[in-house]
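Here is a short tour to follow with the structure open in your viewer. Keep the selection tool at hand, and we will go from stop to stop.

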Amino acid sequence: MTEEEGGAPARVVVADDQTVVREGIVMLLGLLSGIEVVGAAADGHEAVRLVAELDPDVVLMDLRMPRCDGVEATRRIRAEHPRTQVVVLTTYADDASLFPALRAGARGYLTKDAGGDEIVRAVRSVLSGDAGLSPSIQRRLLERLSEPESAVPAEGAETPDGLTARETEVLVLIADGLTNQEIARKLHVSTATVKTHINNLFAKTGLKDRAQAVRYAFGKGLVRPPGG
């Protein structure tokens, strides 16, 4: 419960490896009613240590940090200190950042263009048992849920030839006829990232071109022929 709701202010730890950004967030939070910053960490290891020492209500967690990234730190905090909630505060809103963080136990996800009021709302939401998601993240979750099932490999599903879930996802989209640029837009990643996934999956499967990739996807049952 935040101070505005009649209780003590939410006790918050900020984790970000960039000193200027971390100090700026701490300064901003210090101006907001209902939030008390009790600690600041420069990486995931320090964030986990501060949670153990300070027992905060919420950690505002960056994702890409040295030694221990935000996803692993979130996983450890939620496993070892389940009372403490995690709200991701990051530059990145692509699927490769968003979904691992949510699976690790983050209850909120904001990008760093969020204003003070939005941060307060997210903190209040996670402490009341709700999700603290920015509008753009909510839209992405809805888009992902509405995508054809064939384009979203199940979590933990067995994939052929050691392909990762993301490589399998790219393969399915190739079989659906999408270009690299269209795949990049759909997955919210760069075209260069898509090319890397394609090079990796070609190397693992021995495929040489997209036509072979389409036949491979159908042959492995990753996609079904129209009307099948």
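## Stop 1: the sheet

This is a predicted model. Begin by showing the strands as a cartoon: six of them form an open sheet with parallel pairing, in the order β2-β1-β3-β4-β5-β6. Look for the edges at β2 (35-41) and β6 (132-133), each of which pairs on one side only. As a reminder, strands of a sheet pair through backbone hydrogen bonds, either parallel or antiparallel.

## Stop 2: β1 and its neighbours

Select β1 (10-15) next. Five of its six residues are buried, so β1 is largely enclosed by the rest of the structure.

Now bring in the strands beside β1. With β2, β1 shares six bridges in the parallel sense; pick Arg-11 and you will find Glu-36 of β2 standing opposite. With β3, β1 pairs over four bridges, again parallel. Here, try Ala-15, whose bridge partner in β3 is Met-61.

Then follow the chain from β1 through α1 to β2: together they make a right-handed β-α-β unit.

## Stop 3: two helices on the sheet

Add α1 (residues 19-30), which packs on the sheet and touches β1, β2, β3 and β4. Its direction makes about 165° with that of β2. Next, add α2 (residues 44-54), lying across β1, β2 and β3. The direction of α2 runs at about 135° to β2.

## Stop 4: β4, covered on both faces

Move on to β4 (residues 85-90), which is joined to β3 (residues 58-61) by four bridges, the two strands running parallel. Two pairs to click on are Val-58 with Gln-85 and Val-59 with Val-86.

How many of the six residues of β4 are buried? Six of the six are, and the strand is mostly covered. Show the side chains and recall that in a regular strand they alternate between the two faces of the sheet. In β4, Gln-85, Val-87 and Leu-89 are buried on one side, while Val-86, Val-88 and Thr-90 are buried on the other.

Trace how the chain arrives here: from β3 it passes through helix α3 (residues 70-80) to β4, in a right-handed β-α-β crossover. Carry on along the chain and you meet another right-handed β-α-β unit, made by β4, helix α4 (residues 95-104) and β5. β4 and β5 (residues 108-111) pair in the parallel sense over four bridges, and Thr-90 has Thr-111 as its bridge partner in β5.

## Stop 5: helix α10

For the final stop, select α10 (residues 210-219) and turn the view until you look down its axis. Which of its residues are buried? They are Ala-213, Tyr-216 and Ala-217. Seen down the axis, these buried residues fall within an arc of 100°, so they line one face of the helix. Rotate to the other side of α10 and you will see Arg-215 and Gly-219, both exposed.

To see what covers the buried residues of α10, display α7 (165-175) and α9 (191-205), which are among the elements that do so.

Finish by checking both ends. At the start of α10, a side-chain oxygen of Asp-209 comes to within 3.2 Å of the backbone nitrogen of Ala-211. After the helix comes Gly-221, with a positive phi near 75°.

Notes
Residues numbered from 1 in each chain as written. Predicted model: local features only at pLDDT ≥ 70, side-chain atom pairs only at ≥ 80, totals over all residues. Heavy atoms only, no water. Buried < 20%, exposed > 50% of the residue type's maximum accessible area, 1.4 Å probe, protein only. Arc of directions from axis to C-beta. Contact = heavy atoms within 4.5 Å. Polar contact = N/O pair within 3.5 Å; in protein donor to acceptor, adjacent residues only side chain to side chain. Pairing = 2+ DSSP bridges. Axes fitted to C-alpha atoms, helices over the stretch in contact; angles between N-to-C directions. Right-handed = clockwise from strand over helix to strand, strands pointing away.
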